[in-house]
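Subject: Structure handover

Hello,

Here is the structure for you to take over. Please open it first, then read the notes below it.

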Amino acid sequence: MVFFGGMWSIEQMVQDTERAYSWPAERVAPALVLALALAGGCTGVDGESGGSEGTTEEPMTTPVRMSSLTDYQPLNAAVITVNEDPMEELDLLSVRHGDEAFTGEYDGKAWMVFEAIPEGSFELHWRRSPDPELPDVDESLVVLATDQRELYTDRVYSGRPDVELATNADTELLLDVESMSSFGDFDRFEVYSYNADVIAGLTPSGEPGDGPLWGDTAITQWAVPWQVSSTRGPNPLVDPGLGDDLWLSHLRSSYLDIDSPADPWYFAEVYTLIEAAPLGLPPMVDGATTGASGIFATTPPKSISADLRTTEFLAELGPSVANPEIMECSLRVLLEPGVELPVYGLLPTLGEVTNVSTTALTDRVIELEYGNPFPVGTETLYVRCVYWYPLVHPIEGDTDNTVVYVDAGWPVEELDGAPLRPLLGSVREVMVGGLPAPVDAIRTGVGATPTLSFEAPPLGVADLYSVRIFTVDNTLGDDASVLQKRRQVLSFATTTTSITVPEGVLEPGSYYYAQITASVGQMPGSGRPYTHTSGRAVATTGLFTP
């Protein structure tokens, strides 16, 4: 339930929510994975202690415990449980109750324990240690509001836990693969390993020596830089000696069978997994070129008839962005690595249809073909519709695009031919500092700790809301080069429709915007979804400044 199609990395998801239109690196941001894992039940106002007039009773207190255990499910092997001190990667971890802050103690076995926390709701605050490449820039503050006392995560990841990460940019994979179906224009490939937890999309450049050319029936000496997505960190190395698999899939490019260019779906792009090759290779070595070879085998074709109610998805985006510059809808079959329930891992593409348009998209029944050569996982159909809109820096005048989106996913085996509709709508009536915050407005003087509130979606019932705040100012290097765009400064998980931005998040003179995600499919207090069926909707604010 994490990475889709190898399109991008975890850090991109954390730093740049708007890129999520390309299908999420995770269903939630990496920092928010922990938030969802820990988020508890309803947040409310603490009750006052009773007592006779003239006396004050001390509030009752109980410990708050946060699990430090994570399970990993290797390929064809038993689950491995790993216990790690949460503070090893964190710069801050505390429980906040009112004006009080409480630090915890790791018991070395299974828990981070915060003693004597007053009863009622509280906030858990944490922040990762600074990125070594950006030592003067704080990581995003992450907050969850909850009233649960035992925050066990139940987190389960696909693959083995002990992967080694490549740190040398010269690390390469050299591909030689035979018996390929004739390579066509715009075909692409994906490399995927369940056990080493890697995925990457590969697109030949069309130049000799850089992947197959049109009409080729084999891949010969294609050197691919090892730049892959993972939940483990940047660029894990594959080691077959430790049980790792490595696959290369061939995705055939085509179009829908539509005659009229006037049809809004005429230019939709189609990709179908038609064949795959399990690759043989020695253990990869950091900084070295590792040869990998195999033979493509045709994947038996499958198909889905999807009655896509596009207009209903897009209708949930209109209240947030009324006049998008571009709209996009995608229908994809991906392989969720979990079986009984989703697990955190990577989702290879089995088949997809993507339509990008500047004009209104229509409802359509789509015959989607796909193939699945992989030994483990749950075939899942995902729909996502996106509105693109311009984001203009109020001082510098630079323009960049960002997005809002609505998506939904269902296990293929549970589809019954019913129309595909959104499961959850976007939040409405977003306010910042007591002021309406539409996308085309700039609000000044909202204060250093404004309240951000919204109304619940009119469609569906959300399990959780996450509020992320981004600065529109880029992080620059000494040479004025852009090191980081639109940095996330806050991620706040809650079950209520109002949050207060913590002190120190917003800086005077800086401009920000917020994106509010309503989600269904993962209950607060659990570290994993309770179903393969899921839905999310993202709304956005205009710019605001303290």
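The notes below go from the whole chain to single residues.

The model is predicted, so please read it as such. The chain has 546 residues, and 55% of them count as buried. It holds three helices and 39 strands. Contacts reach far along the sequence. Among those between residues at least 6 apart, 74% join residues at least 24 apart. The chain exposes about 22,600 Å². Carbon and sulfur atoms supply 50% of that area.

One sheet

Strands of a sheet pair through backbone hydrogen bonds, either parallel or antiparallel. Look at the open sheet of four strands with the order β29-β28-β31-β36. Its pairing is antiparallel. The edge strands are β29 (435-436) and β36 (498-500). Each of these two pairs on one side only. Further in, β28 (residues 428-432) runs antiparallel to β31 (residues 451-455), and three bridges join them. To find the register, go to V432: L452 in β31 stands opposite.

The disulfide

How many disulfides does a search of the whole structure find? The search finds one. C329 and C385 form the bond, with their sulfur atoms 2.1 Å apart. The bond links distant parts of the chain. C329 is in strand β22 (residues 326-336), C385 is in strand β26, and 56 residues separate them in sequence. Both cysteines, C329 and C385, are buried. The torsion about the S-S bond of C329 and C385 is about 115°, so this disulfide is right-handed.

Aromatic rings

A pair of aromatic rings is described by the distance of the centres and the angle of the planes. The structure holds 11 aromatic pairs. Two of them are worth opening.

Take F183 and F189 to begin with. Their ring centres are 5.7 Å apart and their planes are at 5°, so the pair is stacked. Both F183 and F189 are buried. They also belong to a cluster: ring pairs link F183, F189, W222 and F296.

Now go to W247 and F374. Their ring centres are 5.3 Å apart, and the planes meet at 75°, so this pair is edge-to-face. W247 lies in strand β17, while F374 lies in the loop between β25 (364-371) and β26 (378-392). The two are 127 residues apart, so to speak of the pair as linking distant parts of the chain is fair. Both W247 and F374 are buried.

Charges over rings

Two arginines sit over rings. The charged end of R65 is over the ring of W111, 4.0 Å from its centre. R384 lies over the face of Y405, at 3.8 Å from the ring centre.

One residue in a loop

Is V238 buried or exposed? V238 has 0% relative accessibility, and buried means under 20%, so V238 counts as buried. V238 is found in the loop between β16 (219-225) and β17 (247-255). Leaving out residues up to four places away in sequence, V238 touches S193, A196, V198, W226, D244, D245, L246, L281, P282, P283 and M284. There is also a link to E164 to look at. The C-alpha atoms of V238 and E164 are separated by 8.3 Å, although the two residues are 74 apart along the chain.

Over to you.

Technical notes
Residues are numbered from 1 along each chain as its sequence is written. This is a predicted model: local features need pLDDT of at least 70, side-chain atom pairs count only at pLDDT 80 or more; totals for chains, interfaces and linings use all residues. Side-chain values use heavy atoms; hydrogens and water are left out. Two strands pair if DSSP finds at least two bridges between them. Buried means under 20% relative accessible area, exposed over 50%, partly exposed in between (1.4 Å probe, protein chains only). Contact means heavy atoms within 4.5 Å. Accessible areas come from the Shrake-Rupley method with a 1.4 Å probe; for residues, only the protein chains shown count as cover. Rings of Phe, Tyr and Trp (its six-membered ring) pair if their centres lie within 6.5 Å; planes under 30 degrees apart count as stacked, over 60 as edge-to-face and the rest as tilted. A charge sits over a ring if NZ of Lys or CZ of Arg is within 6 Å of the ring centre and within 35 degrees of the ring normal. A disulfide is a pair of cysteine sulfur atoms within 2.5 Å.
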